[in-house]
Every structure is written in structure tokens, then in C-alpha cells.
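Subject: Structure handover

Hello,

Here is the structure you were due to receive. My notes on what was found in it follow below.

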Amino acid sequence: MNSGGIEYEEDGTRAYIISCAFVGRPHGHGEMEESVALARAINLDIVCVERVKIIKARSSTLLGSGKVSELGARFSRERITLAVVDADLSPIQQRNLERAWSVKVLDRTGLILEIFAARARSREGRLQVELARLTYQKTRLVRGWTHLERQRGGLGFVGGPGETQIEADRRLLQQRISRLSRQLENVRRTRREHRKKRNKKDLPLVSLVGYTNCGKSTLFNRLSASNVLARNMLFATLDPTVRGIEMDGVGRFLLSDTVGFIRNLPTDLVMSFRATLEEIVEADILLHVHDASQSDDERCRQGENVEEILRSLGIGEDWGERIVHVYNKMDAADEATRILLENQSRREGNACLISALTGEGFKNLSQLLRGRISRLSRGITLRLEPEEEACRAWLYRHGHIESQERDARGRVHLRVALSSAALGSLFKRFPSVVRRLEEN
């Protein structure tokens, strides 16, 4: 094996990973590890991963002709059946490499789409992935076809030579894309209706965002006592999940878990998952989960990639108002990293260090959430008569009870924090209580 490669032995398709290091662009060891993790996510048998320096990208093959020949010989010798190029290839580059190497070639976008197709479970998720795959394939119909020059004749005396096979296939693809887009619009409409119903409950929405495999689903499960799939793999979660939860010192709020982000996330995929990602756009608070076990450089790079995608979704101007940085996996971080992140968290005031696996640091997370949610709320003092238990039950469901006492006459004196929307609902549903509030 080449000394520049890393050996792996697993069951599945025999794959060779080419990690492209473009001269003039940052490229760390973490990117090679990520390439391997992506391939392992669909159970490929990784024979070798090699870092290839690219000084000037070739429009025909991306790699230089000498490297293409060298790799072709090696693929033949070692019975490689799949080459994964960790870069975005044009349709022409992909076709030429497949012809030169006589193996199937997947670029970064194609590999991510394969993973998403394998992981999507809900109808919405499958629709979104299929739309992204068809959009991706539409420009790559030149691959694998041997009959592209054949044409269908026109009808009667008009129509000329007719349409080529590739034109017919592209037309059929476009019809499927249009149909899927309509179906997804119905999904978006349904999701908007669900969101309206949730908003009527006047509960703050907290969304988990972060780089894939940073531990969002493990955190979600611990906060909500749920059993959402949480594994040490990229893109373990594709389908969004929303739960109403209660946290000591915080009160009741909605928590949303969403798909993880990754560097160079395909644009078509971002657009296809727009309906899902609207949960993030609508969130009152964003918990940006970081992987504290990563190196400082890799953690910063992943954080920047997440922020870049959030900005592309229209989040940016009020970033500082909504964000809470959560450094997860503190149980796997070394001592120097823990000290660095703890000092940084104290200095910034909007961050905390936790372990979603062990529960360590959750007291600090609770304090941060209480502070952020209180900014969304207004505290009021109420006096409820004994016969007004329905109002007290409503306040428990829609607000955060900060204190309460019952006097000798059985009346309850409450200090409660309510969102603006909940306060408006209170005025409509219990006007007598509100009049008594004004009298006080």
C-alpha cells in the first residue's frame, strides 16, 4: 500500500477514498477522518484513503493525467470497485474518471445523497432526499448511456428527427422533480399548520443545531426523555422531532432536533430540506452544539460551517440574541480543552460545557436556558380565587410559575412568567383575573 494511505478492513464494497487537498485552501487531518466517516456510514469496505495534493484542478478529470493513470493501475491491481472523490465533480469529470478507471465514481455530493437515501425514514424525509437526488442526477445523464445518439422519429410529416434518448430521460426526470416539488409543498403547508397549532400553546421553541455527529440527538434524548436514534455516526438523524418538555428552573418549552450540518453541504440538499430547516428559522433559541472532543482547529472549522449554513437560511442579524453555545462530550475532552472551554464559557456568558452522555454540566445549561427564556417572557403577579383553579392549570401549561402561596382564605398568589403571546391569550380567556391584576 501507498505510504500516504490509511488501511481499513471492513465488509462491503471495496472502496478507495481520495481526499483532495487543494493548494491555497486549508485542509486538515480532520477532513480525511470525515471522508472515512462518510464512507463508513454506508458500510463501505475502505481499502485505503489517500490525500492527493491538487495544484491546479483539471477541467476534464480534476486530477492530473499522471495521477489518474497511477490510480487506475492500482484500482485494477487491488480489485477496487468504487472510488470516492472527496470533492465536487462536474458531470464530465465524473464520466471521464469512470472511463479511465473502469470503476464507479462517487463525488462528495453523491456520497452524502447515498447516506441520506439510506437514513430517511419518514415520508417527508424520503421525498426530500429523492428530490435532491433527481436534481443531482439531471445533469449527469451522460453517464453510463450507450444509446445517446439514437433519436426517436417525428410523427407524420412534422417534428424533424425527434428527441434524443437523453432528452426524453431528462424530460421524465423533470416531470418527477415537478411532482415531488408539489408534494413537498403540501408537506410544507402541513408543517406550517402544525407550527401554528404549536404557537397557539404559546411555548418557546428551542432548536438544536450543530455539525453532524456532535451529539445533538443524545442531548435531545436526555432533555426530553425520548429515544430518538443516537449513534456515533454521521447523519444518524434526518427526520426532525419536536417534543414539549419541562425543565427545572426553566418551565415548559418545545425542543426540536434537526439534521446535522457538514462542510460543503450540497445546495440542492439544503433547498430540499428547507421545510425541515424552517424549524430552525422559527426558533426562539438556538442551542449550537459543538463537539468538545475535537481539536481546537477542527471545532472552530465545524462551528464556522454551521454558522455559514444558518446565514444561508436567513439567520444572522439576530444571531447573538438567539444563540447558546453548548460544548458537548466534555467526558471525552482532554483536560487542557476542558479548561480552555470552561474559561471561554465564563468569559462569553452564552456558553456552557456539558456531557449529554453523563449529564454533567446540565445545571449550567439550565441556568442559561432560564435566562434566555426569561427574556422572552414578562413576569406578572396574580391573585386567584379558590374557584379559579382552571386559570391556575392554564398558567402551569403556558407559563413558568416562579412562586406561589395560598392565604388563609384559600386564595392563591402567583408570580408567573408568560410570553407576549401567552399574556394576550390570558387577557382573552380570563378577563376577570386580568381586571384584578390591574386593580393590584
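A residue counts as buried when its relative accessible area is under 20%, and as exposed when that area is over 50%. By that cut-off Trp394 is buried, because its relative accessibility is 3%. Please keep in mind throughout that this is a predicted model.

Aromatic residues

Trp394 also belongs to an aromatic pair, and there are three such pairs in the structure. Its partner is Phe430: the ring centres are 6.0 Å apart and the planes meet at 65°, so this pair is edge-to-face. An angle over 60 degrees is what that label requires. The two residues come from distant parts of the chain, 36 residues apart. Trp394 sits in helix H14 (residues 389–398), while Phe430 is in the loop that runs between helix H15 (420–429) and helix H16 (431–439). Phe430 is buried too, since its relative accessible area is 16%.

Elsewhere, Tyr16, Phe75 and Trp101 make up one aromatic cluster. There is also a charge over a ring: Arg222 lies over the face of Phe362, at 5.9 Å from the ring centre.

Strand E10 and its neighbours

Strand E10 covers residues 323–328, and six of its six residues are buried. Which residues lie on each of its faces? Ile323, His325 and Tyr327 are on one side, with Val324, Val326 and Asn328 on the other, and all are buried, so both faces are covered.

E10 has strand partners in E9 and E11. Strand E9 (residues 285–291) is joined to E10 by six bridges, and the two run parallel. Strand E11 (residues 351–353) is joined to E10 by three bridges, again in parallel. His325 takes part in both pairings: its bridge partner in E9 is His288, and in E11 it stands opposite Ala351. Between E10 and E11 the chain passes through helix H12 (residues 335–348), and this β-α-β crossover is right-handed.

Helix H1

Val36 is part of helix H1 (residues 29–40). Is Val36 buried or exposed? It is buried, because its relative accessibility is 2%. Between Val36 and Ser19 there are 9.3 Å in space, C-alpha to C-alpha, and the two are 17 residues apart in sequence.

If you open the model, His325 is a convenient place to start, as its partners His288 and Ala351 lead on to the neighbouring strands.

Regards

Key
Residues numbered from 1 in each chain as written. Predicted model: local features only at pLDDT ≥ 70, side-chain atom pairs only at ≥ 80, totals over all residues. Heavy atoms only, no water. Phe/Tyr/Trp six-rings, centres within 6.5 Å; stacked < 30°, edge-to-face > 60°. Helix = DSSP H or I, 4+ residues; strand = E, 2+ residues; numbered from the N terminus. Buried < 20%, exposed > 50% of the residue type's maximum accessible area, 1.4 Å probe, protein only. Lys NZ or Arg CZ within 6 Å of the ring centre and 35° of its normal. Pairing = 2+ DSSP bridges. Right-handed = clockwise from strand over helix to strand, strands pointing away.
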